[in-house]
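Please open the structure in your viewer and keep the selection tool at hand. The tour below proposes what to select at each stop and describes what is found there.

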Amino acid sequence: MKKIGTLLLFLILCPVFVSGQGEASNWYFGNEAGLRFNNDGSVTALKNGKLNTFEGCAAISDTFGNLLFYTDGITVYDRTDEIMENGEGLLGDPTSTQSALIVPKPEDPNQFYIFTVDTSIAEIDPDFGFNYTVVDISLNNGSGSVIQKNVKLLKDSSEKITAVLKDCSDNSVWVLTLGSTRGGSGTLNTYYSYEINAAGVLNDPVKTAFDNLAITDPRGYLKFSSDGTKIASANVRDGLYLYNFDASTGILTNQQQITISEQNQFPYGVEFSPEGDYLYVHTSNDNLQDSGHKSNLLQFDLNAPDIAASEVILDSRAIFRGALQLANNGKIYRTIAKSYNQGTPYLGVINNPDEKGAAANYEHNAVFLERNATQGLPPFIQSFFGKMQLVLNNDGTRSSTLSRCSGEAFRLEAEEIPGATYSWFKNGLPIVVPTGYYLEIINSDSDDSGRYSVDIMPSNPSECPILGEALVKIHTVPDPIISRTKCDLDVANSMDGITTINLEKINTDPDILFYFYESISNRDNDIRIPNTTGYQNTSAFNQMLYYKAVNILGCTYLGELLLEISPVSIGASPYGPFYSCDEISKDDILLSSFDLEAIAEKYTNEEIRFYETIEDVALEKNEVNNLYISETSTIYGLRESSGQCLGVDVIELVVTESPKLFLTEKYTICEGKELFINGPEGFSTYRWSQQINNREELISEKPGVNITEAGDYILETTFIYEIGGSEVRCENSTKFTVISSGKPIIQNINITDFSNNNSVEIEVEGEGIYEYSLDGITYQTENIFNNIEPGFLTLTIRDTNGCGEVAKDISVMGYPKFFTPNGDGVNDYWQITGINEQFQPNALIAIFDRYGKFVTQINPEEQGWNGTSSSNILPASDYWFKLRLQDGREIKGHFTLKR
């Protein structure tokens with residue numbers, strides 16, 4: 001007997017047996033995405049989630065499928081989607097593959113453990129390892145509270161975690177992760193099995209180390225098979241491994257590395273089929289850039305002699321890596337992100353994961369979420385998904401799905417166990433008729449479709465309870481006489497009862513194919529109406545046609561189709577025109593989106609479908625749906641009730657102009673002054689706001705505004721149209737920034753003189769952007785001037801935004817390398833340049849001949865030395881000078897006297 005652990009969990013949680021198995025009914029993941037698994041096997045997208053996670057997430061519901069809480073491994077959200085009391089600061093990480101996993105505490109219906117694994121993506125990002133947190137959902141009026149947080153189990157671990165139920169008699173759960181030998185940093189080669197029982201989490205794990213295992217890449221999923229006998233471990237850059245698991249001891253054995261032959265060979269997501277015969281792997285090229293991604297969805301046959309050789313590619317396309325997760329409807333779901341940072345609002349689905357190869361029926365973009373899924377899906381205790389298949393096939397095999405034509409009998413059959421008690425359910429509700437180990441329906445109809453389950457309680461209390469499940473679909477029978485009223489929409493004559501009809505629209509069941517005939521004789525001889533999408537009736541106002549309907553199971557039904565053609569006048573909608581504001585105001589095209597669902601809501605007690613032309617209405621093709629993007633235009637609404645035509649409305653869609661805002665993106669305000677901005681003219685309303693700490697603070701509702709400080713601002717404007725007694729408001733907004741600027745403040749001027757490259761470097765303070773000049777004409781943005789001729793200069797510094805300038809006289813000192821005192825008026829005197837009564841006024845200059853003999857002393861404020869000493873003309877030669885400046889510096893140099 002295959003022992004299924006799901007019911008054991010309920011016995012652990014509740015002293016009285018409860019049926020439902022709904023713990024995995026609600027998934028939350030990605031960017032506020034979610035999915036609800038209904039009792040009939042269908043799914044419903046959830047839009048109330050609060051998670052924003054790239055990878056890791058976890059969720060848990062009660063046995064009846066009512067949400068309890070969910071988490072990204074850091075923040076816990078309660079059943080009302082609010083942050084749980086004390087529910088922040090957990091040590092998981094949304095960038096960990098499996099950031100968290102939730103386990104109910106055995107024999108306590110109120111307490112749950114959140115196990116978290118962290119990861120480090122940079123040197124400054126700490127790795128908090130493997131921890132658990134305790135939640136009590138009985139607190140805070142049933143919304144729960146975290147009562148113990150971040151209990152350390154391992155200092156470091158991989159990003160993977162999984163769980164399975166232990167044998168019934170042990171009344172406990174195994175939680176596994178992969179770590180190093182000592183549980184710290186280092187190569188990952190040891191699996192840690194932690195037991196959780198009624199006493200809590202036992203911090204004495206069972207360790208299974210493999211000497212030939214050396215994992216350095218912590219990424220990738222870890223999964224049990226639902227029966228707890230196998231484990232798959234995906235380690236992106238280090239490969240895919242398969243193990244046997246002994247639930248009685250917690251020990252892993254029989255390590256096998258499964259070689260992936262395809263180019264996209266790096267495994268990330270893994271999942272077992274419900275029966276455990278197949279392993280599914282989501283591999284990729286592990287490209288972490290924004291583009292160039294490639295992924296494969298692979299299937300491996302675990303019963304094959306060479307598992308790696310059994311590899312089958314179910315899907316290959318240019319998407320990012322992703323998760324795989326088995327659901328309680330027996331299907332496996334796949335994330336299909338575009339890149340690490342960009343998800344998609346879809347999930348892929350493996351519809352028949354217990355089938356081999358293409359029969360597994362992978363469907364891409366199968367579930368529309370309305371919110372983006374990213375890479376991760378919530379993991380669960382894998383035993384939740386262990387169920388006996390109730391459909392016994394003719395070849396002796398079993399399956400979990402059954403399709404029958406209406407009127408046919410079907411039988412669901414569990415294993416016959418002497419002394420066992422069988423409780424049958426349909427869509428979660430008890431079936432009161434006692435049926436034992438099988439359930440048989442003699443004459444089925446559409447009401448018998450649904451999700452059937454059976455709970456089996458063996459007479460021996462030491463044996464595990466067993467859960468069986470099957471999804472049954474009964475294909476409906478078309479009405480033997482189908483009556484349809486169609487509007488006469490012939491453009492040439494809408495009153496003669498002759499029109500063009502799309503017969504294909506008669507059928508609303510995608511599992512049935514209809515063939516139409518003009519007579520019974522034609523049907524008997526299979527002479528079909530050739531143009532079923534554009535059939536023109538031959539009998540005015542009323543005509544009988546005949547059909548043959550064949551469903552996907554091959555069941556055939558015969559019937560009649562009565563067409564009633566109703567003359568119709570086409571008139572304006574009583575609720576129109578409908579207005580919408582131009583969405584791109586900067587161009588010259590008035591274009592907007594119209595909410596057709598909102599328009600349809602005005603037609604109470606009617607159904608309305610929308611088309612662009614009257615011809616499309618007649619043929620019921622090219623239907624337009626919400627949101628409809630259009631310029632000012634006319635569309636047509638086909639009004640119906642229970643499929644019968646009531647009329648056609650002409651619906652006028654009018655796009656009104658939105659404010660065009662042409663405002664400078666950046667303004668400058670000078671220190672100590674106000675900035676006045678005059679907004680564009682002609683709008684009905686103005687609203688100027690400043691953005692402060694993620695909120696908007698109103699500062700003016702006038703066309704112009706006085707701004708007193710730098711910051712980020714928003715201008716919102718409105719056109720208000722009075723149309724038919726109602727008000728249409730078209731709004732637009734633009735953001736702009738005000739920066740502060742001001743007059744420069746000179747902090748220091750560094751002058752390098754008496755050199756071959758005299759320079760001036762200026763140090764200033766201030767909020768402005770400054771430029772510099774030494775002549776008041778030519779300005780530069782650099783604050784250093786090079787190759788400056790000695791002399792007196794005026795340094796000017798000004799703000800480029802016009803918020804002021806400052807000027808300062810400076811002196812760059814130097815001396816001529818030679819002079820020629822020949823009386824021609826050119827270079828007749830030698831003197832130090834750059835000294836006057838303002839700069840170094842008390843400087844002393846002494847001149848010496850080449851032998852060091854003192855010649856003369858000159859005054860820096862006079863003409864200079866004329867080449868004489870005591871009225872004697874000195875010969876041409878090199879002479880030396882010593883300059884002692886008022887600031888204490890002493891400068892020595894030499895020059896040439898030429899004659």
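Begin by selecting C487 and C645, both of which are buried. The model on the screen is a predicted one.

**First stop: C487 and C645**

Display the side chains of this pair. C487 and C645 form a disulfide, with 1.5 Å between their sulfur atoms. A disulfide is a covalent bond between the sulfur atoms of two cysteines. The angle about the S-S bond is -85°, and the link of C487 and C645 is left-handed. Now colour the two strands that hold these cysteines: C487 belongs to strand β38 (residues 481-488) and C645 to strand β50 (residues 644-656), so the disulfide ties together parts that lie 158 residues apart in sequence.

**Second stop: C581 and C730**

Next, select C581 and C730, which are joined by a disulfide with an S to S distance of 2.1 Å. Is this disulfide of C581 and C730 left-handed or right-handed? The torsion about its S-S bond is about -90°, so the disulfide is left-handed. Extend the selection to the strands on either side: C581 is in β45 (residues 578-581) and C730 is in β57 (residues 726-741), so this pair connects parts 149 residues apart in sequence. With the surface switched on, note that C581 and C730 are both buried.

**Third stop: C405 and C555**

Move on to C405 and C555, another pair that forms a disulfide, with the sulfur atoms 1.7 Å apart. Here the torsion about the S-S bond is about 100°, so the disulfide of C405 and C555 is right-handed. C405 sits in strand β31 (residues 401-405), while C555 sits in the loop between β42 (542-551) and β43 (556-567), so parts that are 150 residues apart in sequence are tied together. Both cysteines, C405 and C555, are buried.

How many disulfides does the count come to? The count is 4 disulfides, and the three pairs visited so far are C487 with C645, C581 with C730 and C405 with C555.

**Fourth stop: C57**

Select C57 on its own. Its relative accessible area is 1%, so C57 is buried, the cut-off for that term being under 20%.

**Fifth stop: the largest cavity**

Turn from the cysteines to the enclosed spaces. A search of the whole structure finds 2 cavities of 30 Å³ or more. To locate the largest, select P274, G330, K387, S400 and E469, which lie nearest its centre among the 16 residues of its lining. The volume of this largest cavity is about 140 Å³.

Then show β28 (388-389) and β37 (466-475), each of which supplies at least two residues of that lining. The largest share, 3 residues, comes from β37. By class, the lining of the largest cavity has 7 nonpolar, 5 polar and 4 charged residues.

**Sixth stop: the second largest cavity**

For the last stop, select K486, C487, L489, T499, T500, I501, V617, A618, E620, L638 and E640, the residues that line the second largest cavity. Two or more residues of this lining come from each of β38, β39 (500-501), α4 (614-619) and β49 (633-641). The volume of the second largest cavity is about 80 Å³, and its lining divides into 6 nonpolar, 2 polar and 3 charged residues.

The tour thus returns to C487, which is one of the residues lining the second largest cavity and forms a disulfide with C645.

Notes: Residues numbered from 1 in each chain as written. Predicted model: local features only at pLDDT ≥ 70, side-chain atom pairs only at ≥ 80, totals over all residues. Heavy atoms only, no water. Disulfide = S-S within 2.5 Å. Helix = DSSP H or I, 4+ residues; strand = E, 2+ residues; numbered from the N terminus. Buried < 20%, exposed > 50% of the residue type's maximum accessible area, 1.4 Å probe, protein only. 1 Å grid on protein atoms, 1.4 Å probe; cavity = no way out; pocket = protein on both sides within 12 Å on 5 of 7 lines; lining within 4 Å. Points joined across faces, edges and corners; volume = space filled by probe spheres on them. Nonpolar A, V, L, I, M, F, W, Y, C, P; charged D, E, K, R; others polar.
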